[in-house]
Amino acid sequence: MYHFIVNNTSGGGRSKRVWEELQNYLLEHEIRYKAHFTEYEGHAKKLADRVCDIDREKVYLIVVGGDGTLNEVLNGMHDFEKIRFGYIPTGSGNDFARGMKINGTPTENLERILQAEETTPIDLGCVSWVEEGQKEQKIFAISSGLGLDADVCKQALHSGLKKALNRLGLGSLTYVCLTIKSLFTMPTAEAKIVFDDEVEEPISRMIFIAGMNQYCEGGGVPMAPEAVATDGEFSVCCGYGVARWRTFFLLPFLVKGKHTGFKCFDIHNCRKFSVDLEKPMVLHADGEYCGDVTHAEFRCLSGKLNILL
Ligand SMILES: Nc1ncnc2c1ncn2[C@@H]1O[C@H](COP(=O)(O)OP(=O)(O)OP(=O)(O)O)[C@@H](O)[C@H]1O
């Protein structure tokens, strides 16, 4: 039995059409399945929690949705060992799918999942921070970080622009437009970063830091072109110490993944890292807003998710 968690609102409604296509395939091929539809924000997390308890040994769980739905599901899963995980992208950003090379048609993606004989263990990340005296944490599949890119994600969540561009099938343009807008107001902060258990690195005028599990975020921006989700490490990209006018010149290089040669971008591979800031910055995990924080810790969970590819 295959369990599907479906967000019919992903990709500006594209998901609904995709699900109809998948459902026809499942019925035609007499494949036993149960569909669980998300009804509101946060519902996918609850559904995933319940699906995890359905069977004692193995549970086949397939997500049909965008990166936001995927993130909710991962945060609802309480038993990763027994889950055989599949993913069919229908969102606007689809950074996880890009990184995992899930690039067929929905039916091709489904067939591949159904035919996979073995799972591939891939890394996830976990970010933790303190909010009102309480320790909070979140799992992520793509990236988590602080600063400009997180601020853009926060704006995108409530952006009329995203909805409008989604309707035109241009949803991933949202992030580029919002990044350009954010560059005008871009706050920076003095930061101290510790990679693994090495010595603390002071960073002056940090613009953003992104712990990348997949190579791109924000709808295809290759922040860490070498990042792969099977090496047990993050590829951390940090931008800092650059005048505002220069960021406009650098943006096209970042979008093309050609930024790594510039002095104001650092890429560092590590299993964990922590960031301390002199003033709060926005924190995100997979594009979902976590809070405005001065301290965050990031851990790579090596081989945590068993995915059918
Ligand atoms: N029935 C629903 N109505 C409204 N919102 C929903 C519903 N079900 C899920 N959601 C919310 O929709 C949000 C966006 O979904 P998702 O990320 O899958 O699509 P997307 O934004 O189009 O894609 P991407 O994240 O790849 O850009 C999720 O964070 C989820 O909380």
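**A walk through a two-domain chain**

Hello everyone, let's start at one spot: Gly220 sits in the loop that runs between β9 (201–212) and β10 (234–240). Please keep in mind that what you see is a predicted model. Is Gly220 buried, exposed or partly exposed? A residue needs 20 or more neighbouring C-beta atoms within 10 Å to be called buried, and 12 or fewer to be called exposed. Gly220 has 17 C-beta neighbours inside 10 Å, so it counts as partly exposed. Look across from there to Lys256: 36 residues separate it from Gly220 along the chain, yet their C-alpha atoms are 9.2 Å apart.

Now let's zoom out to the whole chain. It holds nine helices and 13 strands. The radius of gyration is 19 Å, close to the 19 Å that the globule rule gives for 309 residues, so the chain is as compact as a globular protein of that length. If you lay the C-alpha trace along its principal axes, it spans about 60 × 40 × 35 Å. Of the 309 residues, 47% count as buried. Many contacts reach far along the sequence, too: of those between residues at least 6 apart, 74% join residues at least 24 apart.

How is the chain divided? The domain assignment gives domain 1, covering 2–117, and domain 2, covering 124–302. Their centres, taken over C-alpha atoms, are separated by 26 Å. Where the two meet, domain 1 supplies 14 residues and domain 2 supplies 22 residues. On the domain 1 side, the elements giving two or more residues are α3 (67–76) and α4. Which of them gives the largest share of that side? That would be α3, with six residues.

There is also a record to mention. The unreviewed UniProt entry places a feature called "domain: DAGKc" at residues 1–133. In the model, the end C-alpha atoms of that span lie 43 Å apart, and the span is 38% helix and 28% strand.

Let's step inside domain 1 and look at its strands. Strand β3, residues 59–65, is mostly covered, with six of its seven residues buried. What does β3 pair with? One partner is strand β1, residues 2–6, which runs parallel to β3 over five bridges. You can find Ile5 opposite Val63 of β3 there. Another partner is strand β4, residues 83–89, again in the parallel sense, over seven bridges. In that pairing, Ile62 stands opposite Gly86 of β4.

Staying with this region, we come to the nonpolar core. The largest one has 80 residues, and those with the most contacts inside it are Ile5, Val64, Leu146, Ile209 and Met212. This core draws at least three residues from each of domain 1 and domain 2. Who are the neighbours of Val64? Leaving aside residues up to four places away in sequence, Val64 touches Phe4, Val6, Ser15, Val18, Trp19, Leu22, Ile88 and Thr90.

Now for a couple of backbone curiosities. Most residues other than glycine have a negative phi. Glu30, though not a glycine, has a positive phi of about 50°. You will find Glu30 in the loop between α1 (14–28) and β2 (33–37). Glu30 counts as exposed because it has 6 C-beta neighbours inside 10 Å. Lys101 is another case, with a positive phi near 55°. It belongs to the loop between α4 (95–100) and α5 (106–115). With 8 C-beta neighbours inside 10 Å, Lys101 counts as exposed.

To finish, let's move to the far end of the chain and strand β13, residues 288–308. Strand β5, residues 119–131, pairs with β13 in the antiparallel sense over nine bridges. There, Thr119 stands opposite Leu308 of β13. On β13 you can also find strand β12, residues 272–285, paired in the antiparallel sense over 10 bridges. Leu283 has Gly291 of β13 as its bridge partner. How many residues lie between β12 and β13 in their hairpin? There are two, and Asp286 in that turn has a positive phi of about 50°.

That's the tour, and thanks for listening!

Conventions: Residues are numbered from 1 along each chain as its sequence is written. This is a predicted model: local features need pLDDT of at least 70, side-chain atom pairs count only at pLDDT 80 or more; totals for chains, interfaces and linings use all residues. Helices (H or I, at least four residues) and strands (E, at least two) are DSSP runs, numbered from the N terminus. The radius of gyration is taken over C-alpha atoms; the globule rule is 2.2 Å times the number of residues to the power 0.38. Two residues are in contact if their C-beta atoms, placed from the backbone, lie within 7 Å. UniProt positions are given in the numbering used here, feature names are shortened, and annotations may be inferred rather than shown by experiment. A nonpolar core is a set of buried Ala, Val, Leu, Ile, Met, Phe, Trp, Tyr and Cys residues joined through C-beta atoms within 7 Å. Domain bounds come from an automatic or database domain assignment. Two strands pair if DSSP finds at least two bridges between them.
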